[in-house]
Amino acid sequence: MKTWEERIAEVWDDAANELVDEEVIARIDAIAAERGADDARAEFERAGARDSAGRPLDAITLYRRALTLGLDAEHEPQAIIQLASSLRNVGETAEALQLLEKAQTDAADSPYGDAIAAFRALALASSGAPHRALSVALLALVPHLPRYHRSVTAYAQEIGERDA
């Protein structure tokens with residue numbers, strides 16, 4: 001018999017590269033219900049299904065609830081990123097930026113650091129700070145470059161100051 005996590009993963013695998021629809025939401029909800037309404041991970045999965053179906057307002061409520069209930073170290077940064085993305089999508093860029101900036105500080109060594117930076121860059125661009133957005137994106141890219149760390153860092157910092 002498959003574990004709860006395996007069954008959730010199977011739904012997401014089945015929905016890969018497809019538009020998430022009501023069927024996927026129903027499947028996720030049915031599996032999530034096994035854990036009850038006070039389970040952070042179940043609420044996170046329910047939020048993700050709605051988010052993927054283009055229902056950010058529904059997702060925002062569920063992401064907030066999941067974070068309040070307390071997610072593990074693997075899922076908390078994902079929930080913050082996904083919540084911030086949904087907030088940006090509904091025009092709440094200031095709150096999205098606040099969440100992402102806190103996440104970037106709190107999770108400096110997180111494997112989600114680059115993802116946090118990418119979504120922070122998107123939120124900055126949406127908030128009217130395209131130079132800062134570019135700076136954030138470039139600074140996240142620097143560790144992955146084979147060379148030019150110093151020059152790209154200096155250029156990124158210079159560009160970021162243009163929106164200040």
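Where does Tyr148 lie? The legends below tour a predicted model, and they begin with that residue.

**View 1. Tyr148, a residue in a loop with a positive phi**. Welcome to the first close-up, where Tyr148 sits in the loop between helix 8 (130-141) and helix 9 (149-160). Its phi is about 70 degrees, a positive value, although Tyr148 is not a glycine. To put that in context, most residues other than glycine have a negative phi. Tyr148 is exposed, because its relative accessibility of 57% is over 50%.

**View 2. The whole protein, with nine helices and zero strands**. Let us step back for a moment before the next close-up. Along the sequence the pattern reads α-α-α-α-α-α-α-α-α. Taken along the principal axes, the C-alpha atoms fill a box of roughly 55 × 35 × 30 Å. The protein has 164 residues, and 38% of them count as buried. Among contacts with a separation of 6 or more, 47% are made by residues 24 or more positions apart.

**View 3. Helix 3 crossing helix 5**. Here you can follow two helices as they meet. The axes of helix 3 (residues 40-52) and helix 5 come within 11 Å of each other and cross at roughly 35 degrees. This crossing is left-handed. From helix 3, the residues that take part are Arg41, Phe44, Gly48 and Asp51, and they meet His75, Gln78, Ala79, Gln82 and Ser86 of helix 5. Sorted by class, the contact between these helices holds two nonpolar, five polar and two charged residues.

**View 4. Arg41, a buried residue of helix 3**. Keep your eye on one member of the helix 3 side of that contact, Arg41. Arg41 counts as buried because its relative accessibility, 15%, is under 20%. Which residues is Arg41 in contact with, leaving aside its neighbours within four places in sequence? They are Trp4, Glu5, Ile8, Arg35, Leu71 and His75. Of these contacts, His75 also appears in the previous view, on the helix 5 side of the meeting.

**View 5. Gly70, in the loop leading from helix 4 to helix 5**. Next comes a residue between two helices. Gly70 is found after helix 4 (56-69), in the loop that joins it to helix 5. With a relative accessibility of 45%, Gly70 counts as partly exposed. Look across to Asp39 as well: Gly70 and Asp39 are 31 residues apart in sequence, while their C-alpha atoms are 8.5 Å apart in space.

**View 6. Val90, in the loop between helix 5 and helix 6**. Another loop residue is the subject here. Val90 is partly exposed, with a relative accessibility of 32%. Leaving aside neighbours within four places in sequence, Val90 is in contact with Pro56, Leu57 and Ile60. Ala108 makes a useful landmark for this view: Val90 and Ala108 are separated by 18 residues in sequence and by 27 Å in space, C-alpha to C-alpha.

**View 7. The largest pocket and its lining**. Now for an open space in the model. About 320 Å³ lies in the largest pocket. Two elements each give two or more residues to its lining, namely helix 5 (75-89) and helix 6 (93-106). In total 13 residues line the pocket, and those nearest its centre are Glu76, Ile80, Lys102, Ala103 and Asp106. Which helix gives the largest share of the lining? Helix 6 does, with five residues. By class, the lining residues divide into eight nonpolar, two polar and three charged.

**View 8. Lys102 and Gln98, two exposed residues in helix 6**. The last close-up stays with helix 6. Lys102, one of the lining residues nearest the centre of the largest pocket, is exposed, with a relative accessible area of 53%. Between the C-alpha atoms of Lys102 and Asn17 the separation is 31 Å, and these two residues are 85 residues apart along the chain. Is Gln98 buried or exposed? Gln98 is exposed, because its relative accessible area of 57% is over 50%. Gln98 and Arg120 are 22 residues apart in sequence, with 9.3 Å from C-alpha to C-alpha.

Notes:
Residues are numbered from 1 along each chain as its sequence is written. This is a predicted model: local features need pLDDT of at least 70, side-chain atom pairs count only at pLDDT 80 or more; totals for chains, interfaces and linings use all residues. Side-chain values use heavy atoms; hydrogens and water are left out. On a 1 Å grid over the protein atoms alone, a cavity is a set of points where a 1.4 Å probe fits but cannot get out, and a pocket is an open set with protein on both sides within 12 Å along at least five of seven lines; lining residues have an atom within 4 Å of a point. Grid points are joined across faces, edges and corners, and a volume is the space filled by probe spheres set on the points. Helices (H or I, at least four residues) and strands (E, at least two) are DSSP runs, numbered from the N terminus. Ala, Val, Leu, Ile, Met, Phe, Trp, Tyr, Cys and Pro count as nonpolar, Asp, Glu, Lys and Arg as charged, and the others, Gly among them, as polar. Axes are lines fitted to C-alpha atoms, for helices over the stretch in contact, and angles run from 0 to 180 degrees between N-to-C directions. A crossing is left-handed if the near helix is turned anticlockwise from the far one by less than a right angle, and right-handed if clockwise. Contact means heavy atoms within 4.5 Å. Buried means under 20% relative accessible area, exposed over 50%, partly exposed in between (1.4 Å probe, protein chains only).
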